[in-house]
Amino acid sequence: MLAAAAQAQAPKGANDKINVACIGFGIMGQGDVATTVTVPGVRLAAIADVYQGRLDKAKELYGKDIFTTRDYREVLARPDIDAVIVATPDHWHQIMACDAMKAGKDVYCQKPMVQKVEEGEAVIRAQNETKRILQVGSQRASSILYAKAREVIKQGLVGDVHMVEAYWDRNSALGAWQYSIPPDATAQTVDWDRFVGHAPKRSFEPIRMFRWRNYQDYGTGVAGDLYVHLFTGIHYVMDSAGPNRIMSTGGLYHWNDGRDVPDHMMGMYDYPKTASHPSFHLAIRLNFAAGGGDGSGFKFIGTEGVLDLAVGGALVLRRRPKESEPGHTASNFSKATATEIVREYQKLHPAQKATADGMRATNEQRWVLPPGYTEQYAHHENFINAIRSRKPVIEDAVFGLRAAAPALLSNTSYFSGKTMHWDPEKMKMKA
Ligand SMILES: NC(=O)c1ccc[n+]([C@@H]2O[C@H](COP(=O)([O-])OP(=O)(O)OC[C@H]3O[C@@H](n4cnc5c(N)ncnc54)[C@H](O)[C@@H]3O)[C@@H](O)[C@H]2O)c1
C-alpha cells in the first residue's frame, strides 16, 4: 500500500491520463462512471463490486479487458490507479474513503460521506494527513443554478433571509427504494460477507443487499439519502456551516415492506448567524407517498423577496414592491377602464408586470439552466481538475461532514424524540 501511495503522489500534467476505478458499480456507480469517462483525459481502469452481475455489466459496458474484482483492496493495491469513486452502500463510505486515501488515491465519495456522525473525523484526518483530494458526491454544490442563487442572496436582492423551506416528494415504488432483486443473486454470485462488512452479521438475504436503503444497518434513511442533498444546497447557497439545533419527526405510514426507517419526515433546524448572513430557520418535509407527484425544491424567504429554486429546473426571484410603488386595482372596473389603468400603471412602472387581476404588481426574474447542462458533469469535472491542479475541490471532507451531520442527526432526533445540539463550526455534538 505504501509503495502504491508514493507512486500515485506524482503530480499529473494537463495532458496526462487520469486512471479512475469504481468501487460499487450499482445505480450510482454506473452513473458516476458514465459521467467521469466523458471528462477529457479520464480513463476507466477497474471496477470492484461484491455481486458478479455488476462485474459482468461492467465488462458489457466497458469491454472484457476491464479489470474487475469482488475485493476492493485489489483495486487500491494497483499503482496505475489515480482515483477511485466510492459508490457502495453508506456503511462502507468512511472505511473505503480512508483506505483509498491511505493507498495514495484521490477519492470521489458518494454522499452521505459517512453513515455515522462519529466517522467524519477520520475522513477529515485522512484527507489532511495524506493530502489526497476528496470530493463528496452531492453534485448540487457544483451547479451553476445554486451558484446564481448564492449570488442573488449575497447581493441582498431578497433582503435578509430568516427562513428557508425545502421539500422532497416522491410517489412510486422505485422512488421509495423498492429496487429489483436480480433472480441470479445467490450465495455464489454475491460475496455476502463483504457486503455486510462491519454491520451486524446475518445470513444471506438478497433483499437487504439490493434494497439496503431500507435498513439502518447499511443505509441512513430518507434523511441520509435525500436531506443531505438539501443540506448541501442550503449550506452552499447560504454560505453556512450548518444548524446548531435539530428537531425531527415523521413515521412509516405507507411502504410497510419490512423496512426499519420512516417514509415520511419533517425537520426543523436553527442556523446561527454567520459573518455573511443573519440567523435563519429551516423547515424540511419529505414524503414518499406524495399524491401530487415527484418534486423537490427550496424557498429562500427574505425580508424583501423570495427566491424559489426547483431542483433541476428554474430559479425564480420575486421581490416585494417598494413602498413608493403603489399597487393598482383594475378588475373591479369595466374592461376598457381596467385596460386603461393597467396601461397607465405600466408606463409609470415599466419594470413591473401588471395585470388586470393583480392587486399588486409583481417583480419577477427567472433563470433556467442552459440545454444540456448537468451538475453531475460539473461536479466530476471539478474533481478531475483538482486531481491535476492539487487545488481544493468544491465539496471536501469538511463540507461533506457538515452536510451529512444534520441529516444523520435528524435520524437520531426522530428515533430518540430529542432535540440534537450540534456545533457546526467544530463539527462536534454539544452537551
Ligand atoms: N449523488 C446522487 O445523486 C446519488 C444518487 C444515488 C445514489 N447515491 C449514493 O451512491 C451510493 C450507492 O447507491 P446506489 O443507488 O448506487 O446503490 P446500489 O445498491 O445500486 O449500488 C451499490 C453497489 O455497491 C456494491 N457493494 C456493496 N458492498 C460492497 C463492497 N463491500 N465492495 C464493493 N461493492 C459493494 C453492490 O453490490 C452494488 O452493486 C449510496 O451511498 C447513495 O447514497 C448518490
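Where is the place of D239 in the chain? In this predicted model, D239 sits in the loop between helix 10 (221–237) and strand 8. The phi of D239 is near 50 degrees, a positive value in a residue other than glycine. Most residues other than glycine have a negative phi. D239 is partly exposed, as 13 other C-beta atoms lie within 10 Å.

A second residue with such a backbone angle is K131. Its phi is positive, about 60 degrees, although K131 is not a glycine. K131 belongs to the loop between helix 6 and strand 6 (134–136). There are 11 C-beta neighbours inside 10 Å, so K131 counts as exposed. Another backbone feature concerns a peptide bond. K111 and P112 are joined by a cis peptide bond, with omega about -15 degrees. P112 is located in the loop between strand 5 and helix 6 (120–130). Most peptide bonds are trans.

The overall architecture comes next. The protein chain contains 13 helices and 16 strands. Its radius of gyration is 24 Å, close to the 22 Å that the globule rule gives for 431 residues, so the chain is as compact as a globular protein of that length. Along the principal axes, the C-alpha atoms fill a box of roughly 80 × 50 × 45 Å. Of the 431 residues, 42% are buried. Among contacts with a separation of 6 or more, 71% are made by residues 24 or more positions apart.

One open sheet has six strands in the order 3-2-1-4-5-6, and the pairing is parallel. Strand 3 (67–69) and strand 6 stand at the edges with a single partner strand each, so one side of each has no neighbour in the sheet. On average, neighbouring strands of this sheet are turned by 20 degrees against each other, direction ignored.

The pairings within this sheet can be followed strand by strand. Strand 1 (residues 18–23) runs parallel to strand 4, and four bridges join the two. A21 has V84 as its bridge partner in strand 4. Strand 1 also runs parallel to strand 2 (residues 42–48), here with six bridges. N19 is bridged to R43 of strand 2. Strand 4 further pairs with strand 5 (residues 106–109) in the parallel sense, over four bridges. I85 stands opposite Y108 of strand 5.

Strand 4 (residues 83–86) also shows its two faces. In a regular strand the side chains alternate between the two faces of the sheet. A83 and I85 point one way, while V84 and V86 point the other way. All four of these residues are buried.

The other open sheet described here is built from 10 strands. Their order is 14-13-12-11-7-10-9-8-15-16, and the pairing is mixed. Strand 14 (363–368) and strand 16 (428–429) stand at the edges; each has a single partner strand, so one side of each is left without a neighbour in the sheet. Strand 7 (residues 161–169) and strand 11 (residues 295–302) run antiparallel and are joined by eight bridges. The bridge partner of V161 in strand 11 is G302.

Helices pack on this sheet. Helix 7 (residues 144–154) touches strand 7, strand 11, strand 12 (305–310), strand 13 (314–319) and strand 14. The direction of helix 7 makes about 170 degrees with that of strand 12. Helix 13 (residues 397–416) also packs on the sheet, touching strand 8 (245–251), strand 9 (264–271) and strand 15 (420–423). The direction of helix 13 makes about 60 degrees with that of strand 8.

The ligand is surrounded by 28 residues. The closest are G24, G26, I27, M28 and Q110. Helix 2 (27–36) and helix 8 (192–196) are the elements that give two or more residues to the shell. The largest share, three residues, comes from helix 2. By residue class, the shell divides into 13 nonpolar, nine polar and six charged residues.

Conventions. Residues are numbered from 1 along each chain as its sequence is written. This is a predicted model: local features need pLDDT of at least 70, side-chain atom pairs count only at pLDDT 80 or more; totals for chains, interfaces and linings use all residues. Two strands pair if DSSP finds at least two bridges between them. Two residues are in contact if their C-beta atoms, placed from the backbone, lie within 7 Å. Axes are lines fitted to C-alpha atoms, for helices over the stretch in contact, and angles run from 0 to 180 degrees between N-to-C directions. The radius of gyration is taken over C-alpha atoms; the globule rule is 2.2 Å times the number of residues to the power 0.38. A residue is buried if 20 or more other C-beta atoms lie within 10 Å of its own, exposed if 12 or fewer, and partly exposed in between; C-beta atoms are placed from the backbone. A residue is near a molecule or strand if its C-beta atom, placed from the backbone, lies within 6 Å of it. Ala, Val, Leu, Ile, Met, Phe, Trp, Tyr, Cys and Pro count as nonpolar, Asp, Glu, Lys and Arg as charged, and the others, Gly among them, as polar.
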